[in-house]
Amino acid sequence: MIYIKIATWNINGYRSAEKGNYFHQFITANKPDIICLQEIKMNEKILKDYGYHCYYHFAEKKGYSGTMILSKKEPLSVFYKMHLDRFDQEGRFILLEYDTFVLINIYVPHGGRKKENHPYKFSVLNKLLSMIKDIQKPIIICTDFNIAYEEIDVKNYKTNYHNNMFSYEERAVIDHLLKLGFVDSLRCITKDSGIYSMWPNGFNARERNMGWRIDYIFLSSSLKSYIKDVYYLKSQLGSDHCPCILEINL
């Protein structure tokens, strides 16, 4: 067994988080073995030397989207495409294969406030569900999924049942994922409400904890018994999202 600490974080702009010293604070305080970042909003390799192997997937559009993985251990292989043109062009996906598991970092499209991009969003989600069926090793999915699953994952759930990120059809995707043999790592640890990962800008939303939990680490159920802890770092600044950390023996 090897103890591993894995973090996922929609950083909402790597440059600004680094400039404000937030990313440095996060790494030095937590020392993750693997860090999955979404929405890096950069188009060149500017990471400081933190002692990680670094894998970037930049969006073709400057200052938009993008993902990155920092890993202390070099993987066996790296993949950057799901073979969906728009999605691949936006740099939203990285897959690393290790000896005993596969790690996926995916930034799911928002979908639009009026659900105008739901066809795009569901094309990505359906492709993901199809792809993971063919992977033979246990899988860890680090993601800004842009979907809150349960009522306890949204502060104002009563007014959001038909809205983007909490509609019945979006939540059904997580139902499907769980039926495929995955678990929501946090819910293996606690069923507490009020644990969120994103707070809208303004109205002192974070201070009032008026948030959404749309960032997850999903695991193949075969890894469930090896989970040591899962937690969200609400006090970590630098983004409108906070990091989620999984501690696991693999």
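This briefing walks through the two sheets of the model, the helices that lie across them, and one buried loop residue. The model is predicted, so please read every value below as computed from it. One open sheet has six strands in the order S5-S6-S7-S8-S10-S9, and another open sheet, also of six strands, runs S3-S4-S2-S1-S12-S11. Helices H4 and H5 take up much of what follows, along with helix H2.

**The sheet from S5 to S9**

- The pairing in this sheet is mixed.
- Strand S5 (77-79) and strand S9 (182-184) are its edges; each has a single partner strand, so one side of each is left without a neighbour in the sheet.
- On average, and ignoring direction, neighbouring strands here are turned by 15 degrees against each other.
- Inside the sheet, strand S8 (residues 139-144) pairs with strand S10 (residues 215-220) in the antiparallel sense, over five bridges.
- Ile140 has Leu219 of S10 as its bridge partner.

**The sheet from S3 to S11**

- Here, too, the pairing is mixed.
- Its edge strands are strand S3 (53-57) and strand S11 (227-232), each of which pairs on one side only.
- The average turn between neighbouring strands of this sheet is 10 degrees, direction ignored.
- S11 and strand S12 (residues 244-249) form an antiparallel pair with five bridges, in which Asp229 stands opposite Glu247 of S12.
- Helix H2 (residues 22-30) lies across strand S1 (3-10), strand S2 (34-38), strand S4 (67-71) and S12. The direction of H2 is at about 160 degrees to that of S1.

**Helices H4 and H5 together**

- Helix H4 (residues 118-132) lies across strand S6 (93-97), strand S7 (102-107), S8 and S9, and runs at about 175 degrees to S7.
- Helix H5 (residues 168-179) lies across S8, S9 and S10, at about 125 degrees to S9.
- The axes of H4 and H5 come within 11 Å and cross at roughly 5 degrees. Because angles under 35 degrees count as roughly parallel, H4 is roughly parallel to H5.
- On the H4 side, the contact is made by His118, Lys121, Phe122, Leu125, Leu129 and Ile132. H5 contributes Glu169, Glu170, Val173, His176 and Leu177.

**A closer look at H5**

- The length of H5 fits expectation: at 1.5 Å a residue, its twelve residues should span 16 Å, and its end C-alpha atoms are 16 Å apart.
- Glu170, Arg171, Val173, Ile174 and Leu177 of H5 are buried.
- Looking down the axis of H5, these buried residues fall within an arc of 140 degrees, so they line one face of the helix.
- An α-helix has 3.6 residues a turn, so residues three or four places apart point the same way.
- The cover over the buried residues of H5 includes H4, S8, S9 and S10.
- Gly181 follows H5 and has a positive phi, near 105 degrees.

**Asn160 in its loop**

- Asn160 sits in the loop between S8 and H5.
- Its relative accessibility is 11%; since buried means under 20%, Asn160 counts as buried.
- Setting aside neighbours within four places in sequence, Asn160 is in contact with Val154, Phe166, Ser167 and Trp212.

Note on methods
Residues are numbered from 1 along each chain as its sequence is written. This is a predicted model: local features need pLDDT of at least 70, side-chain atom pairs count only at pLDDT 80 or more; totals for chains, interfaces and linings use all residues. Side-chain values use heavy atoms; hydrogens and water are left out. Two strands pair if DSSP finds at least two bridges between them. Helices (H or I, at least four residues) and strands (E, at least two) are DSSP runs, numbered from the N terminus. Axes are lines fitted to C-alpha atoms, for helices over the stretch in contact, and angles run from 0 to 180 degrees between N-to-C directions. Contact means heavy atoms within 4.5 Å. The expected span of a helix is 1.5 Å times one less than its number of residues. Buried means under 20% relative accessible area, exposed over 50%, partly exposed in between (1.4 Å probe, protein chains only). The arc is that of the directions from the helix axis to the C-beta atoms. Angles under 35 degrees count as roughly parallel, over 145 as roughly antiparallel, 65 to 115 as roughly perpendicular and the rest as oblique.
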